[in-house]
Amino acid sequence: MSDQNRFANLLKAAQQQPEVAEPTQPEPLLDVQTSERPDVQAFKQPDISTSKAKSSSGDYKRTTVYLTQELHRRLKRASLDKGMEMSDIAESAIAAWLEEHSDI
């Protein structure tokens, strides 16, 4: 077979319309709050209905607190378990500490 015939056959094959496979539907994503799989534990989401109100309220002040990775992990887990925001737990703990040390 000559080079011209081989090139012509390649060109002809490239010009033909390729078969288009029907698109496949992706598997639906599971809702983590209402897991459809019994082997997957659903996580409770903390009530964040007040978080936007906190950021726009003059009653609250945003601050940064550095925690160890382990303490942050435990706080985050407790937040999920109790359905509370981490900031509410921190505020409660700080208020209790200040009450205990009322001489400050």
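Colleague: Which residues does Lys54 touch, leaving aside residues up to four places away in sequence?

Modeller: In this predicted model, Lys54 touches Tyr60, Glu85, Ser87 and Asp88. A contact here needs heavy atoms within 4.5 Å.

Colleague: What makes the pair of Lys54 and Glu85 a salt bridge?

Modeller: The closest N and O atoms of Lys54 and Glu85 are 3.5 Å apart. A salt bridge asks for a side-chain nitrogen of Lys or Arg within 4 Å of a carboxyl oxygen of Asp or Glu, so this pair qualifies. Lys54 lies in helix α2 (residues 51-56) and Glu85 in the loop between α3 (69-82) and α4 (86-100), so the salt bridge ties together parts that are 31 residues apart in sequence.

Colleague: Why is Lys54 called buried?

Modeller: Its relative accessibility is 12%, and buried means under 20%, so Lys54 counts as buried. Glu85 passes by the same cut-off, because its relative accessibility is 9%.

Colleague: What joins the side chains of Lys54 and Asp88?

Modeller: A polar contact of 2.4 Å joins them. The limit for a pair of N or O atoms is 3.5 Å, so the distance fits. Lys54, Glu85 and Asp88 are also linked in a network of salt bridges.

Colleague: How many salt bridges does a search of the whole structure find?

Modeller: The search finds four. Among them is the one between Glu70 and Arg73, whose closest N and O atoms are 2.7 Å apart. With a limit of 4 Å, that pair therefore counts.

Colleague: How do you know that Glu70 and Arg73 are separated by about one helical turn?

Modeller: Both are in helix α3, three residues apart, which is why the separation comes to about one turn. As a general point, an α-helix has 3.6 residues a turn, so residues three or four places apart point the same way.

Colleague: Are Glu70 and Arg73 buried, exposed or partly exposed, and what makes them so?

Modeller: Glu70 has a relative accessible area of 43% and Arg73 has 48%. Buried means under 20% and exposed over 50%, so values in between are partly exposed. Glu70 is therefore partly exposed, and so is Arg73.

Colleague: What makes Arg77 and Asp81 a salt bridge?

Modeller: Their side chains meet at 3.7 Å, N to O, and the cut-off is 4 Å, so the pair qualifies. Arg77 and Asp81 both lie in helix α3, four residues apart, about one turn of the helix. Arg77 has 38% relative accessibility and Asp81 has 42%. Each value falls between 20% and 50%, so Arg77 and Asp81 are partly exposed.

Colleague: How do you know that the span of α3 agrees with what it should be?

Modeller: At 1.5 Å a residue, the 14 residues of α3 should span 20 Å. The end C-alpha atoms of α3 are 20 Å apart, so the two values agree. After α3 comes Gly83, whose phi is positive, near 70 degrees.

Colleague: Why does Ser79 count as buried?

Modeller: Ser79, found in helix α3, has 4% relative accessibility. That is under 20%, so Ser79 is buried. A polar atom of the Ser79 side chain lies 2.4 Å from the backbone oxygen of Met84.

Colleague: What makes Val65 exposed?

Modeller: Val65 has a relative accessible area of 56%. Exposed means over 50%, so Val65 fits. Val65 lies in the loop between α2 and α3. The C-alpha atoms of Val65 and Ala90, which are 25 residues apart along the chain, are separated by 9.7 Å.

Colleague: Which residues form a nonpolar patch on the surface?

Modeller: Val65, Leu67 and Leu71 form the patch, with about 250 Å² of accessible area together. Patch residues need over 30% relative accessible area, so Val65, at 56%, meets that condition.

Colleague: What does the secondary structure of the protein chain come to?

Modeller: Four helices and zero strands, in the pattern α-α-α-α along the sequence. Of the 104 residues of the protein chain, 5% count as buried. The accessible surface of the protein chain is about 10200 Å², with 54% of that belonging to carbon and sulfur atoms.

Terms used:
Residues numbered from 1 in each chain as written. Predicted model: local features only at pLDDT ≥ 70, side-chain atom pairs only at ≥ 80, totals over all residues. Heavy atoms only, no water. Helix = DSSP H or I, 4+ residues; strand = E, 2+ residues; numbered from the N terminus. Buried < 20%, exposed > 50% of the residue type's maximum accessible area, 1.4 Å probe, protein only. Patch = residues over 30% accessible without salt bridge, like charges linked within 9 Å, V, L, I, M, F, W, Y side chains within 5 Å. Areas by Shrake-Rupley, 256 points an atom, 1.4 Å probe, with all protein chains shown as cover. Expected span 1.5 Å × (residues − 1). Polar contact = N/O pair within 3.5 Å; in protein donor to acceptor, adjacent residues only side chain to side chain.
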